[in-house]
Amino acid sequence: METTSRAELNEKLAAILEICRKMNSERELGALLDLIAREATNLLACDRASIFLLDAERNELWSKVALGSDEILRFDAGMGIVGAAVSTGRTVNVRDAYSDPRFYGGIDGRTGYRTHNLLAVAMHNQQGDIIGAFETLNKAAGPFNGRDEECLLALASHAATAIETAQLIAELRRSQNELAQQNAHLWREVESRYSSHGIIGTGQKIQQIVRLVERIRDSVVNVLITGESGTGKEMAAKAIHYTSPRARRPFVALNCAALPEPLVESELFGIERGVATGVQPRVGQFQKADGGTLFLDEIGDLSLTAQAKILRVLQERVVERVGGRTSIPVDVRLLAATNKDLESEIVKGAFREDLYYRIKVLHIHMPPLREIREEIPLLANHFLKEYCGETGRGGMEFGPGVMRRLVSAPWPGNVRQLRNEVMRLAACAPDRLITEDDLMAGLPEPSRIEIRPAPPAKVQSLKDAVEALERRMIAEALEDMRFNQQQAARRLGLSRQGLINKMKRYAIAG
Ligand SMILES: Nc1ncnc2c1ncn2[C@@H]1O[C@H](COP(=O)(O)OP(=O)(O)OP(=O)(O)O)[C@@H](O)[C@H]1O
Ligand SMILES: [Mg+2]
């Protein structure tokens, strides 16, 4: 008798180990619950087994109605034999279901099944909290015994761990899916914002640029973008990046004019730990842009030393950090912008010719706004719509006469100035209609440009006239803003650096 039961015990233990092995390889909750129920009926030689999981928020127990079905049974967590096991944490062994007052016959009623004997144990997780109950029904050879109770308890403790893992994995998958969806949505937003169609304009000059951006979408050529301040150079660079296969890798923009000479190298290539006391190690912009695009803005302002170093990276495709000994490979597409005439910089010896040809494999020139006045109505309306979208103020419009004035203004700060002006007009307009009265004092009236005659004895070229006007507007803006460069730049629609560059060019003292 002793040996039989020991042999039987060993057999059961081996069976439980085998079930654990199977449970550990099933990660999907539904399939796992089916597997555990099936194995439990074999192990305990009974007719059915069910797992009831506790929904703590609603204080309910739930279970699948039958193996393989997706129908869910739910009831109050205090109800029935299972409820008794869950609320006490104890094993409940019932010889005759219908004579036990705790038995709830409603489930038999719903499933059409007839319960005779049953055994229920609470399931605990690793922290000792009850997560549900494991129930077996109708042992063929009479009521469940003490050995059955031990077996079910052992199985329940392993099942609880496997179930928690599967629930955790399901939760992770759900949030991963959610994040992936959000991410895809954000990418669609970015892509539509910076796709080549983010460049507005129906005229020939802008359309040529749009077509070029589309044509080079699959290539990695370096592109030089030229144009005055505020003409959309950075916007074009982003359009090139976000329509290319590199779109999901970083777009890193670096303003070379804002870099003090001693910092250029560490900013571009990074700095190694321990170079000097107090110096923090840093990843350079080339490495940050790895796999993506590096946009070097105002490249004409780089020193000759910095130019030589960039040329080396473009030739050898590796960077070396300041104080580092190893070469780090980088895969970077370079886009560069400038409002300087690099060819005359080359003649002056201020820009390297070899670097010029490396960065200017393709050239895009952004026209100044005064040369594409036909785009002004479209642009102005676009910016007004953008303002309405951002602020939730609906249906604003330009009143009669306003557009004519916008189209004829000189716009030294180009599209950026137009955008700033539209935003300002929209914000200040008391009504949804923007009237001529709302136009800013700083927006030169056509009469101020057209009527004021050129100096009589001298015939001015258009370029000279534009320069004279620019010089005057800059001086006026500075004066009006009490020489606050930030505010003057904003008024003119220039970046602060753009204003400083122009002040240098016209020798205007700040
Ligand atoms: N064709 C265009 N369509 C739509 N928006 C434009 C267009 N051109 C310029 N813009 C907008 O004008 C503003 C200025 O553009 P951006 O910053 O690209 O100019 P930039 O040439 O880089 O100027 P800077 O030389 O001062 O740095 C941005 O808000 C940009 O979106
Ligand atoms: Mg720019």
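This is a walk through a predicted model, going from one sheet to another and ending at a pair of helices.

Let's begin with the antiparallel sheet. Six strands make up this open sheet, and reading across it gives the order 3-2-1-6-5-4, with antiparallel pairing. Its edges are strand 3 (72–76) and strand 4 (92–94), each of which pairs on one side only. If you look at how neighbouring strands sit against each other, they are turned by 20° on average, direction ignored. As a reminder, strands of a sheet pair through backbone hydrogen bonds, either parallel or antiparallel.

Strand 6 is a good place to pause. Nine of its ten residues are buried, so strand 6 is largely enclosed by the rest of the structure. On one side, strand 6 (residues 130–139) is joined to strand 5 (residues 118–124) by seven bridges, and the two run antiparallel. You can follow the register through particular residues: His124 has Ile130 of strand 6 as its bridge partner, while Ala120 is matched with Glu135 in strand 6. Strands 5 and 6 form a hairpin with five residues between them. In that turn, Gly128 has a positive phi of about 90°.

Strand 6 also pairs with strand 1, again through seven bridges and again running antiparallel. Here Ile51 stands opposite Phe134 in strand 6. Which helix lies across this part of the structure? Helix 2 (residues 29–43) lies across strand 1 (46–55), strand 2 (60–64) and strand 6. The direction of helix 2 is at about 140° to strand 1.

Further along the chain, have a look at Gly198. Gly198 sits in the loop between helix 5 (146–194) and helix 6 (204–215). Is Gly198 buried or partly exposed? With a relative accessible area of 22%, Gly198 counts as partly exposed, because buried means under 20%. The C-alpha atom of Gly198 is separated by 8.2 Å from that of Met235, although the two residues are 37 residues apart along the chain.

Met235 leads us to the parallel sheet, since helix 7 spans residues 233–243. This open sheet has five strands in the order 8-11-14-7-15, and the pairing is parallel. Strand 8 and strand 15 (362–365) stand at the edges with a single partner strand each, so one side of each is left without a neighbour in the sheet. The twist from one strand to the next averages 20°. Five bridges join strand 8 to strand 11, which run parallel, and in this pairing Val252 stands opposite Leu294 in strand 11. Helix 7 packs on the sheet and touches strand 7 (223–226), strand 8, strand 11, strand 14 (333–338) and strand 15. The direction of helix 7 makes about 155° with that of strand 7.

Next come the aromatic rings. The model has six aromatic pairs. For Phe251 and Phe295, the ring centres are 6.0 Å apart and the planes are at 25°, so the pair is stacked; the cut-off for stacking is planes under 30 degrees apart. This pair links distant parts of the chain, with Phe251 in strand 8 (residues 251–255) and Phe295 in strand 11 (residues 293–297), 44 residues apart. Both Phe251 and Phe295 are buried. Together with Tyr242, they form one aromatic cluster.

Finally, let's visit helix 18 and helix 19. How do these two helices pack? Helix 18 (residues 485–492) and helix 19 (residues 496–505) meet at an angle of about 95°, with their axes 8 Å apart. That angle makes helix 18 roughly perpendicular to helix 19, because angles of 65 to 115 degrees fall in that class. Helix 18 contributes Gln485, Gln486, Ala488, Ala489 and Leu492 to the contact, and helix 19 contributes Arg496, Leu499, Ile500 and Met503. By class, the contact has six nonpolar, two polar and one charged residues. The buried residues of helix 19 are Gln497, Gly498, Leu499, Asn501, Lys502 and Met503. Just after helix 19, Ala507 takes a positive phi of about 50°.

Note on methods: Residues numbered from 1 in each chain as written. Chains lettered and ligands numbered in written order. Predicted model: local features only at pLDDT ≥ 70, side-chain atom pairs only at ≥ 80, totals over all residues. Heavy atoms only, no water. Pairing = 2+ DSSP bridges. Helix = DSSP H or I, 4+ residues; strand = E, 2+ residues; numbered from the N terminus. Axes fitted to C-alpha atoms, helices over the stretch in contact; angles between N-to-C directions. Contact = heavy atoms within 4.5 Å. Parallel < 35°, antiparallel > 145°, perpendicular 65-115°, else oblique. Nonpolar A, V, L, I, M, F, W, Y, C, P; charged D, E, K, R; others polar. Phe/Tyr/Trp six-rings, centres within 6.5 Å; stacked < 30°, edge-to-face > 60°. Buried < 20%, exposed > 50% of the residue type's maximum accessible area, 1.4 Å probe, protein only.
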